[in-house]
Amino acid sequence: MPQIPPDVVALCDYERHAAAILPAPVRAYVDGAGADGLTHRANLEAWARIRLEGRVLADMRGATTRLTLFGQEMAHPFLLAPVASHGLAHGEGEHATALGAAAAEAVMVVSTQAGRRIEDIAARAQGPLWFQLYMQARRDDTLTLIRRAEAAGYRALVVTVDAPLSGLRNMEQRAGFRLPAELGPVNLQGLHVPVIDVPPGRSPVFLGMLDAAPRWEDILWLREVTRLPVLLKGIMSPVDATRAVEAGIDGIIVSNHGGRALDTLPATAEALARVTRAVAGRVPVLCDGGIRRGTDALKALALGASAVLIGRPQIHALAVGGAAGVAHMLTLLRAELEVAMALTGRRFLHEIDESVICRAQD
């Protein structure tokens, strides 16, 4: 079992150690971004620009990070975002990640493109799981995935809507990354894959690739065929957020796909307040993108999020420390959030609002 290095005291330390462990092509896949990586960098920088308003002498007796979300009791507001192919970082893949998440009392969102069958992950998991759904070209195939997730005990569906096709990930292309066959998306085996004939000199994008991409009518259909809570992941526009609520969606995840899809989108920290204002408390809003500190999570909650999701750092921690690394990474975030709450005088999560943010006065 790998030992967590003693100098790992923050998520950036896991990233540093993972860079020394993972092969260069895998690093390019895990840490790469779309095009020039502007949105990826903006995600990190936007949280750093926000300043907090410290408070003193607050009564912190009975303080807690607990919350209830979609009827589920949670110990803290950190979830593991859906990430494909955990086996690139650890031999046990998603099984190790799920074990670490359970040890840290965190919900893990399992990707459609996981390297293990969703039933097998659920059978060994010791904590709650949500299922991230990529809608398929045929509704029957999408329904098959939904019914499998329901039967396996997944507690919510997270529908990724911002990547009907992959972004242009130049770092990945330059590194020559290829997913090993044994780590392919096993949960998609047997499902229909459209075949597109692309003539020389053309991109497949406008030659049929998007013909079966999900549309709003598909979201309305999806809402009708499952009783699980349905969240849309990838909402950045208040217009889309409002439409999602009107479609009966149970929750929204403000996300730009970690900067891996369309480059030059705004940071999620910049989009979050606009979306939460449009939603106006009608459904919970979650957020991912560049969360690396407990203070980042505090800021997200101050801007209206109910919880946050952690993406790349779970893979860094998995590569360095396996299940123990994932649990330790989440524990670091929870401890940082508790310190931030104490030093801003917030005893409960619902007390975190925009007054925790320091607004410069002229």
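## Two right-handed units around strand S5

In this predicted model, strand S4 (residues 108-110), helix H5 (residues 118-124) and strand S5 together make a right-handed β-α-β unit. Strands S4 and S5 run parallel and are joined by 3 bridges, and within this pairing the partner of Met108 is Leu129 in S5.

Strand S5 also takes part in another right-handed β-α-β unit, which is made with helix H6 (residues 139-152) and strand S6 (residues 157-160). Here S5 and S6 pair in the parallel sense over 3 bridges, with Gln132 standing opposite Val158 in S6.

## How strand S5 is covered

Strand S5 spans residues 129-133, and 5 of its 5 residues are buried. Both faces of the strand are covered, since the buried residues include Leu129, Phe131 and Leu133 on one side, as well as Trp130 and Gln132 on the other. For Trp130 the relative accessibility is 0%, and Trp130 therefore counts as buried.

## Aromatic pairs

How many aromatic pairs does the structure hold? There are 3 of them. In one of these, the ring centres of Tyr29 and Phe177 are 4.6 Å apart and the ring planes lie at 15°, so the pair is stacked. Because Tyr29 belongs to helix H2 while Phe177 sits in the loop between helix H7 (170-175) and helix H8 (205-209), this pair ties together parts that are 148 residues apart in sequence. Both Tyr29 and Phe177 are buried.

Another aromatic pair brings the discussion back to strand S5, for Phe70 and Trp130 form an edge-to-face pair, with 5.8 Å from centre to centre and 70° between the planes. Phe70 is in the loop between strand S1 (67-69) and strand S2 (72-74), whereas Trp130 is in strand S5, so that the pair links distant parts of the chain, 60 residues apart. Phe70 has a relative accessible area of 21% and is partly exposed, while Trp130 is buried at 0%.

## The buried side of helix H1

In helix H1, which covers residues 11-21, the residues Leu11, Asp13, Tyr14 and Ala18 are buried. They lie on the same side of H1, because they cover an arc of only 150° around the axis. The buried residues of H1 pack against helix H2 (24-31) and helix H13 (312-343).

## The annotated position His257

Which residue does the UniProt record mark as "active site"? The record, an unreviewed entry, places this feature at His257. In the model, His257 is in the loop between strand S8 (251-254) and helix H11 (268-279).

Is His257 buried or exposed? Its relative accessible area is 13%, and because buried means under 20%, His257 is buried. If neighbours within four places in sequence are left aside, His257 is in contact with Tyr134, Thr160, Asp162, Ala163 and Arg169.

## Trp216 in helix H9

Trp216 is found in helix H9, which covers residues 216-225, and with a relative accessible area of 21% Trp216 is partly exposed. Leaving aside neighbours within four places in sequence, Trp216 is in contact with Leu232, Asp240, Arg243 and Ala244. Trp216 and Val283 are 67 residues apart along the chain, and their C-alpha atoms are separated by 18 Å.

Note on methods. Residues are numbered from 1 along each chain as its sequence is written. This is a predicted model: local features need pLDDT of at least 70, side-chain atom pairs count only at pLDDT 80 or more; totals for chains, interfaces and linings use all residues. Side-chain values use heavy atoms; hydrogens and water are left out. UniProt positions are given in the numbering used here, feature names are shortened, and annotations may be inferred rather than shown by experiment. Helices (H or I, at least four residues) and strands (E, at least two) are DSSP runs, numbered from the N terminus. Buried means under 20% relative accessible area, exposed over 50%, partly exposed in between (1.4 Å probe, protein chains only). Contact means heavy atoms within 4.5 Å. Two strands pair if DSSP finds at least two bridges between them. A crossover is right-handed if, with the strands pointing away from the viewer, the path from the first strand over the helix to the second runs clockwise. The arc is that of the directions from the helix axis to the C-beta atoms. Rings of Phe, Tyr and Trp (its six-membered ring) pair if their centres lie within 6.5 Å; planes under 30 degrees apart count as stacked, over 60 as edge-to-face and the rest as tilted.
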